[in-house]
Amino acid sequence: MFFDVVSESSTSRHSKPRARRCALLLAAIVLMAATRAHAGWPSNGLVVGDSAVTRFQPTVALASDGAHGTLSFANPWHQVTRVDPDGAPLWEVAPYVTSFPRGTALVPDGAGGVWVVHSAATDVLAGHWDAAGIPFGGNITVAHDANGTRFLATAFGDGAGGFFALWTDVPTAGEDDLRGAHVDATGTVTTPVAGTLLVGGAGAQVFAGAVADGQGGFVLMYPFGAGENLQRFGPALTPVWAASAARIQPPGAYGDFSLVASGDGGVFVTWIDGPSTAGAVRLLRLDAGGVVYAGWPVDGVAVASPLIQPSAAQVSLDRTGGVLVAWIDQHIAPGGLEPDLRVSRRLGDGSLASGWPALGALAGSTGLPALDARSALVADGAGGCFIAWRGAGIAGLGVSVQHLSASGTPAAGWSATATLLGGAGFPSFTSPVLVSDDAGGAYAAWDEYRYPYLAHEGLNVMRLTRLLPGGVAGIDPPLPQRTALSLAVANPALGRFTISPMLPDERAARLEMFDLAGRVEFRRDLQGAGPHVVTIGAGVATPGVHWLRLSHPLGVRLARVVVLR
């Protein structure tokens, strides 16, 4: 199939100054071509961050790309990578040039792109990349205040392509406030330049968690004595609930509160009662008005009790109307108490789901499991869940993962003793992160400290893999290869040039060309299995760097072309 495309080119496009062309070439330095040879998911995970220097506080963030793939941020490598479901890196960008971020969050924009939000000194900043990894709209100062410093706590979508950012504001030592800001889908900041004060007052205000409420706002949680205050804020960051906020202060609570939005403006909250040999994990549901949900006890339901010094409770939606709760428990062993990692599934009314043990399903007990408040619990959409954890200690004893079925037993294809990710138990400094693939599986990311130093990998690496209903990708079962979807281009190009897309089946695909500002310069719909040939006529693309994107139901392929004249 052959298409010869010659478009009308205006004089203004050819008369752009040389400085503009140089700027385009310099901007391309921060982008990396994404079309490379790929042979599926490696058995020990895909490296998305690599350093020859010891990193004692590596972090990773994950987000869905909306096409069953994932976006990862690996810090301190300062790298955002988009990976398709088969483990092929589609693109990589380095979002930071001069600033060192204090916390980073990835927020999908709902159109395949991503917001990268972080704080640095006196500012909260954001960048926007589209589905092809092309920068979009320039850097945004979400908030600025020369007084004091900002520490990003979290950021999440507003349901309309924009996002909320929340941070700890430190105008003077010991006087921490909680502030927030909103940026809409166009990149316009809708809140004051210093952000909106959410929780203030004398002394240090502590951020304990926040989630989008599913109604265009969010719910913020912050400590009050031995309990927690919760307040719901609307799209304009104004309080929705009563001035005193919803307050959870059960008599036996001593911490480890976690929350998740119920989707109707309310939340589920879980915490630990104790500490004692009769400790308990408790769960409470609040409605859209901030009061205890009809039919629920005012101090919640006991998810599991009695327990031996439970800790580290987490809660996540099961995506079927209920919730999943995970926690660390203890069992008596010959050498003393040893931790277990357990999970329970509760229905929307708080009752125990059929088949699940009263004291929780055992996810893992080997390797001294440690669980923290990061996103390490993800539903599979069929009543089961994936859960990941690292071994306890100064440097963890490796990262493990388990898939529990809808009845709380290890899913078919998964070992009863969980699966060790990555290398042979290399220590991890941070807990793993999970995100759903929206297709019954999940993605897991974690760091490894590799000693002795390996010739082909850095001393510290950040890894990513895909968890499937029947096993870990690259281990069992292998993912099907889709190498028939590809994109090639003559490079560099002298005016007229040829693009060679390869389609794997009869489904429709789209070929597009962008400049570095994200403007579409050319678009063509393609259909039919096999090779295609598209010729871009002289004058369609100005001298400089351009991006090509081939979009197909199986994924996206990118290529970079440099036009010389």
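Two strands are said to pair if DSSP finds at least two bridges between them; strands themselves are DSSP runs (E, at least two residues), numbered from the N terminus. The model is predicted, so to speak, from the outset: local features need pLDDT of at least 70, side-chain atom pairs count only at pLDDT 80 or more, and totals for chains, interfaces and linings use all residues. Residues are numbered from 1 along each chain as its sequence is written, and side-chain values use heavy atoms, with hydrogens and water left out.

A good place to start is the pairing of strand β39 (residues 509-515) with β43, which is antiparallel and runs over six bridges. Within this pair, Met 513 faces Leu 548 of β43 as its opposite residue. Strand β43 (residues 544-552) is mostly covered, with eight of its nine residues buried (under 20% relative accessible area, 1.4 Å probe, protein chains only).

Met 513 and Leu 548 return in the largest nonpolar core, where they are among the residues with the most contacts, along with Phe 497, Ile 499 and Ile 536. Such a core is a set of buried Ala, Val, Leu, Ile, Met, Phe, Trp, Tyr and Cys residues joined through side-chain atoms within 4.5 Å; this one has 21 residues. Strands supplying at least two of them each include β38 (497-503), β39 and β43.

Elsewhere, four strands form an open antiparallel sheet in the order β20-β21-β22-β23. Its edge strands, β20 (258-261) and β23 (301-307), each pair on one side only. Strands β21 (residues 267-273) and β22 (residues 279-286) share seven bridges, and Phe 268 stands opposite Arg 285 in β22.

Terms used:
Buried means under 20% relative accessible area, exposed over 50%, partly exposed in between (1.4 Å probe, protein chains only).
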